[in-house]
Amino acid sequence: MITHAFYLDLCLECAWREQLKTLPNPAVAALVLDKNGAIVSLESHKECGKPHAEILALQSAYASLSGDRTILFLQDSEAIHDYLLKNAIPYFKDTTLYVTLEPCGSGKRGKTPSCAALLRALKPKCVVIGTQDYNKSAKGGAEELLDSGIAVIKAWQEESLQECCKRANALLLPFQALQTKGKFMLFKYASRLDGSINGGQISGDEARSLMHDYRTKADVLLISGESVRVDNPRLDSRFATLAQKNPNVAILTRQEDFPKIAPLFAVPNRSVKILHTLEQVKSLCGFVFCEGGVGFFNTLQDSIDLVLVILSPNFKKDSTLTMSLNASFNLLHSMQIANDIFLWLMPKSKNCVLDSNF
């Protein structure tokens with residue numbers, strides 16, 4: 001018996017690795033099983049404008065099933081789509097595709113072709129979907145597949161897959177927030193095992209590189225005036241693996257004549273705003289990436305959608321600064337990046353979004 005939850009969970013683990021890097025698109029992953037139930041591909045969407053997870057999974061699966069490696073040299077979504085239509089149809093009739101989010105329908109208009117349209121042509125035996133897509137320009141893919149004679153299993157309709165559906169919805173929280181209210185606020189916090197947060201770099205180089213990737217996707221990097229005064233930061237994206245884009249910065253401070261002497265003010269191709277009230281913070285739009293300590297977290301707590309805690313497996317005996325506050329969270333996901341643990345947390349006050357669609 002095929003355990004659909006097992007394969008959907010593999011997809012979800014894969015997709016979380018690309019969380020935030022795909023914004024303003026959702027993080028999505030897809031997996032293909034051959035006729036014998038062996039995994040022949042597991043892929044995730046990497047970045048907005050690049051091939052969707054289903055396209056990448058079908059590309060890899062075709063290369064494995066056919067032995068034709070030429071397709072692996074294609075990077076453009078439309079080119080992969082066309083190559084599969086011309087060459088791959090006989091290879092997918094007995095396959096099963098798992099995907100965390102409903103494939104985009106043929107009504108979609110954007111930088112990449114419709115995934116549902118390609119699947120209708122390739123006709124896999126079955127498509128198993130983690131959760132629905134309610135985006136007006138992309139929804140409807142599941143019904144299109146059903147209408148073309150492909151078996152479709154919708155996790156939200158299966159009692160045994162309700163937890164998978166809940167986890168698939170959790171994966172979509174940044175995308176969901178941007179879609180419904182035009183703003184997603186993430187608070188990043190790094191500490192050692194003893195809770196210490198000062199005394200030099202905390203997380204490893206791989207985690208730092210990933211944070212800089214997130215900065216390239218941020219519409220605004222929000223920081224406190226105290227952090228600017230104490231850390232004297234640049235707040236650029238020099239360690240990013242994605243195309244570098246220095247984030248615009250907003251500084252929240254009570255100081256009316258805040259000095260513009262920190263290195264961040266000299267970074268090119270960015271704007272820097274000085275904010276003095278929470279109302280000004282609430283007016284920010286897009287992906288707002290917050291970095292700071294306990295005081296800043298307390299100030300922003302009611303506005304935060306998601307918290308990312310990076311836990312470094314180290315102690316530092318001469319460090320005394322720790323997080324001290326009262327707050328409760330739900331753990332949505334954990335993952336290891338080199339030697340660091342990433343904990344994706346949602347404030348319990350926002351728990352209802354996991355059980356609802358947008």
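The paragraphs below lead through a predicted model, beginning with a pocket and ending with some unusual backbone angles.

The largest pocket has a volume of about 1,200 Å³. It is lined by 33 residues, and those closest to its centre are Lys188, Ile197, Ile202, Asp231 and Glu291. Several elements give two or more residues to this lining, namely strand E6 (183-192), helix H8 (205-217), strand E7 (220-224), helix H9 (225-231) and helix H11 (294-300). Sorted by class, the lining of the largest pocket holds 13 nonpolar, eleven polar and nine charged residues.

Two of the elements just named, strand E7 and helix H9, also belong to a right-handed β-α-β unit, which strand E8 completes. Within this unit, E7 and E8 pair in the parallel sense over four bridges, and serine 224 stands opposite leucine 252 in E8. On its other pairing, E8 is joined by four bridges to strand E9 (residues 272-275), and these two strands run parallel as well; here isoleucine 251 has isoleucine 274 in E9 as its bridge partner. Where do the side chains of strand E8 (residues 249-252) point, and are they buried or exposed? Val249 and Ile251 point one way, Ala250 and Leu252 point the other way, and all are buried.

Lysine 181 offers a view of how residues that are separated in sequence can be brought together in space. This residue is found in helix H7 (residues 173-181), and it counts as partly exposed because its relative accessibility is 48%, a value between the cut-offs of 20% and 50%. Its side chain is joined to that of aspartate 305 by a polar contact of 2.6 Å. Lysine 181 and glycine 286 are 105 residues apart in sequence, yet their C-alpha atoms are 9.0 Å apart in space.

The backbone also has features that deserve a careful look, because most residues other than glycine have a negative phi, and most peptide bonds are trans. Leucine 20 has a positive phi, near 75°, and lies in the loop between H1 and E1. With a relative accessibility of 0%, leucine 20 counts as buried. The loop between helix H1 (4-16) and strand E1 (29-33) also contains proline 24, which is joined to leucine 23 by a cis peptide bond with omega at about 10°. Another positive phi, near 55°, is found at leucine 235, whose place is in the loop between H9 and E8. Leucine 235 is buried, since its relative accessible area is 5%, and buried means under 20%.

Notes: Residues are numbered from 1 along each chain as its sequence is written. This is a predicted model: local features need pLDDT of at least 70, side-chain atom pairs count only at pLDDT 80 or more; totals for chains, interfaces and linings use all residues. Side-chain values use heavy atoms; hydrogens and water are left out. On a 1 Å grid over the protein atoms alone, a cavity is a set of points where a 1.4 Å probe fits but cannot get out, and a pocket is an open set with protein on both sides within 12 Å along at least five of seven lines; lining residues have an atom within 4 Å of a point. Grid points are joined across faces, edges and corners, and a volume is the space filled by probe spheres set on the points. Ala, Val, Leu, Ile, Met, Phe, Trp, Tyr, Cys and Pro count as nonpolar, Asp, Glu, Lys and Arg as charged, and the others, Gly among them, as polar. Buried means under 20% relative accessible area, exposed over 50%, partly exposed in between (1.4 Å probe, protein chains only). A polar contact is a pair of N or O atoms within 3.5 Å; within protein, one must be able to donate a hydrogen and the other to accept it, and residues adjacent in sequence count only if both atoms are side-chain atoms. Two strands pair if DSSP finds at least two bridges between them. A crossover is right-handed if, with the strands pointing away from the viewer, the path from the first strand over the helix to the second runs clockwise.
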